[in-house]
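User: Could you take a close look at one part of this structure for me, the inside of chain A and what surrounds it? I'm in my first year, so plain words please.

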2 protein chains.
Amino acid sequence: MSVTMRDVAQKAEVSIKTVSRVVNNQGEISEATRQKVTAAINELGYRPSRIARAMVTQRSHTIGFVIPDISNPFFSEVARGIQDTAQKHGYNVFLCNIDEDATEHLQILYSLADQGVDGLIVFSSLVSEKDLHHFAATFRPIVAVNRLTTHPDISQILVDNYRGVHLATEHLLARGHTAIGMLSGWAGVAAGQIRRLAGFKDALTAGNIPIRDEWIIQVSPTMANGRQSTRQLLTAYPEITALFCYNDLLALGAIRACRDLGRRVPEDCAIVGFDDIQLAAMLTPALTSISYDKHELGKLAVTRLLEMIDNPGQVFAPLAMDVSLKIRETT
Amino acid sequence: MSVTMRDVAQKAEVSIKTVSRVVNNQGEISEATRQKVTAAINELGYRPSRIARAMVTQRSHTIGFVIPDISNPFFSEVARGIQDTAQKHGYNVFLCNIDEDATEHLQILYSLADQGVDGLIVFSSLVSEKDLHHFAATFRPIVAVNRLTTHPDISQILVDNYRGVHLATEHLLARGHTAIGMLSGWAGVAAGQIRRLAGFKDALTAGNIPIRDEWIIQVSPTMANGRQSTRQLLTAYPEITALFCYNDLLALGAIRACRDLGRRVPEDCAIVGFDDIQLAAMLTPALTSISYDKHELGKLAVTRLLEMIDNPGQVFAPLAMDVSLKIRETT
DNA sequence: CTGAAAGCGCTTACAG
DNA sequence: CTGAAAGCGCTTACAG
């Protein structure tokens, strides 16, 4: 990082401005000087500083991406879509984890803003709505992924949570199950949590199955919690023959719990997940799950964010990704 | 990003330099002016621009992290360690994927350098040694994670691959296996590939078992490849009773393949993996694997990188993480 | 087609 | 204890 535009200009015996013109491919330049400058650039190994450029253009060509936990395989699949798309458009992405362990969520968001990111994708439902609104007051644009938010300036990319769970529950009903439990997610702003719960209840009602609230357990969606909650649930209510899980991680934990309890899957207890993570299809037994394109979800979020960056002030309607049911071996 | 130091200075009726002093907590300042300035900062909601600061200090407090694929659960666990540690030290991290699909690896590295990162952690063995050396000629510091490199300025953080596989193979021998196959990783600069293969062969030799090269298959380490290669291997050589896999993903694919072929695990075919990803312990059957602290691996890499940033020119000895064997249900 | 000047928002010597 | 000036490496009007 020591050779600057000035060095190139000196070597090529032109002004700095002329170097800038060939670097940015702008304006009319005589072929002779262009070649002189290009030669000097190559000889010196000059590379323009993105920081200096960002300083004057007020555009850093970086974005921030906030998730609960990159080590969660679901989020990491989306992250790949984010990263690939951003890179394709010449943007670099800052990664930030905000989960239960994190403190000072607002500070983390501000540190990204201080860093000069051109926009932010928030995929963590653990960032409170209050914090997000506070932050949105001074920073934009923001895209929220699969979380409900009421802020008018925040654009939303959603997954059709309601329909997904409805499909899954109908599938269980069609298989003859009438005693269906649910492992639900966090309470709060997670779009998934609210809409998936609604889809579950509505599907039961539509199938004339009364809702048993004690069969619905709300937990933080990890494999360990899935295992533990399922053990408790099936021990307390052995009559349950099927389980819908908020996400695949909970479902994998539930499968494990069934095995702990000596219950066969799917014969003694059918299990459905949500998200269809890469592993889900490969495991034994392969998991029945609600599926959608996670790489595409990341791509949509970035595309939307770049649109917002290029069109300040414009309002975009929420977008919901379509989902489908993948029937495998656990139902 | 519109309120600047100048605004604060005006409001507080002091010079810009004085504002800078209170922001950076440096120099002696009278309590009165400090309070005046602090009040102005809060009132205006001033936040210093990291870009402007980076411009003059030549330190951006950002680092780059290059991996093959963030959606791979193994890498994402390490990424979490990287991210947590960097954040704790006030650094933000740029994430970059460089896998088989990526073209122009060098361009991706340079784009990170252009972005002004203070250092780089390279965890992708898919970046060729040639590209890395070329890049290292103009950029430093660089930390390489679990890859062999001969560049004197590149610091190495390794995993004790050799010992890990030696342990695993000894374990299989102790269980009475004599016909042991191996699913190996990519060829090339991956430290894992070379050292793990060596550990495997040496352990066999130490156990007086002749090495059967046709039982060693080299594949890109994905679950799908593990499934397919295992099918082929066990079909061609049904006498094989145990399989060591380069990583857990291959091992999970191998388990699946055994099931496809009607072979019970571990009764008909024992399987051992490497990395001990979070899922490995939770699955059915739970995977026997070589384990080490992946969060810690990320932490070590960042810590080393920050040391290099703070001590330019200093040479650091390679560091190798200790490993252990976790015996579970697949052996 | 090419250049000199100002400025992006800070920090770093250097004075006072 | 506090401030005026120069400069980090670029781009943006404005001239010529």
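Analyst: Let's start with burial: of the 331 residues in chain A, 50% count as buried. Keep in mind that this is a predicted model. The predictor is fairly open about its confidence: chain A has a mean pLDDT of 92, with 98% of its residues at 70 or more. Within chain A, the confidence peaks in strand β8 (residues 242-245), at 98, and is lowest in helix α12 (residues 278-282), at a mean of 85.

Now for the inside itself. The largest nonpolar core has 172 residues. Those with the most contacts inside that core are A:F65, A:I121 and A:C245, together with B:F65, B:I121 and B:C245. As a general rule, nonpolar side chains in soluble globular proteins tend to be buried together.

Zoom in on A:C245. Leaving out residues up to four places away in sequence, A:C245 touches A:L183, A:G226, A:L250, A:A251, A:A254, A:I271, A:V272, A:G273 and A:F274. Contacts across long stretches of sequence turn up throughout the chain: among contacts in chain A between residues at least 6 apart, 72% join residues at least 24 apart.

What about the overall form? Chain A has 13 helices and twelve strands. Its radius of gyration is 25 Å, well over the 20 Å that the globule rule gives for 331 residues, so chain A is more spread out than a compact globule. Along the principal axes, the C-alpha atoms of chain A fill a box of roughly 85 × 40 × 30 Å.

Next, the partner chain. On chain B, 40 residues are in contact with 40 residues of chain A. Several elements of chain B each supply at least two residues to that side, among them α4 (50-57), β2 (92-97) and α11 (248-260). The largest share, six residues, comes from α5(B). Sorted by class, the side of chain B that touches chain A has 18 nonpolar, 14 polar and eight charged residues. The strands join in too: β2 (residues 92-97) of chain A and β2(B) pair in the antiparallel sense over three bridges. In that pairing, A:V93 has B:L95 as its bridge partner.

Finally, a few backbone oddities. Most residues other than glycine have a negative phi, and most peptide bonds are trans. Two residues of chain A go against the first habit. A:D275 isn't a glycine, yet its phi is positive, about 115°. You'll find A:D275 in the loop between β9 (270-274) and α12 of chain A. Is A:D275 buried or exposed? A:D275 is buried, because 29 other C-beta atoms lie within 10 Å and the cut-off for buried is 20 or more. A:Q58 also has a positive phi, near 60°, and is found in the loop between α4 (50-57) and β1 (62-67) of chain A. A:Q58 has 13 C-beta neighbours inside 10 Å, so it counts as partly exposed.

The second habit is broken as well. From A:T284 to A:P285 the peptide bond is cis, with omega near -5°; A:P285 has its place in the loop between α12 and β10 (288-291) of chain A. Over in chain B, the bond from B:V265 to B:P266 is cis, with omega near 10°, and B:P266 lies in the loop between α11 and β9 (270-275) of chain B.

Conventions: Residues are numbered from 1 along each chain as its sequence is written. Chains are lettered from A and ligands numbered from 1 in the order in which they are written. This is a predicted model: local features need pLDDT of at least 70, side-chain atom pairs count only at pLDDT 80 or more; totals for chains, interfaces and linings use all residues. Helices (H or I, at least four residues) and strands (E, at least two) are DSSP runs, numbered from the N terminus. The radius of gyration is taken over C-alpha atoms; the globule rule is 2.2 Å times the number of residues to the power 0.38. A residue is buried if 20 or more other C-beta atoms lie within 10 Å of its own, exposed if 12 or fewer, and partly exposed in between; C-beta atoms are placed from the backbone. Two residues are in contact if their C-beta atoms, placed from the backbone, lie within 7 Å. A nonpolar core is a set of buried Ala, Val, Leu, Ile, Met, Phe, Trp, Tyr and Cys residues joined through C-beta atoms within 7 Å. pLDDT is the predictor's confidence in each residue, from 0 to 100. Ala, Val, Leu, Ile, Met, Phe, Trp, Tyr, Cys and Pro count as nonpolar, Asp, Glu, Lys and Arg as charged, and the others, Gly among them, as polar. Two strands pair if DSSP finds at least two bridges between them.
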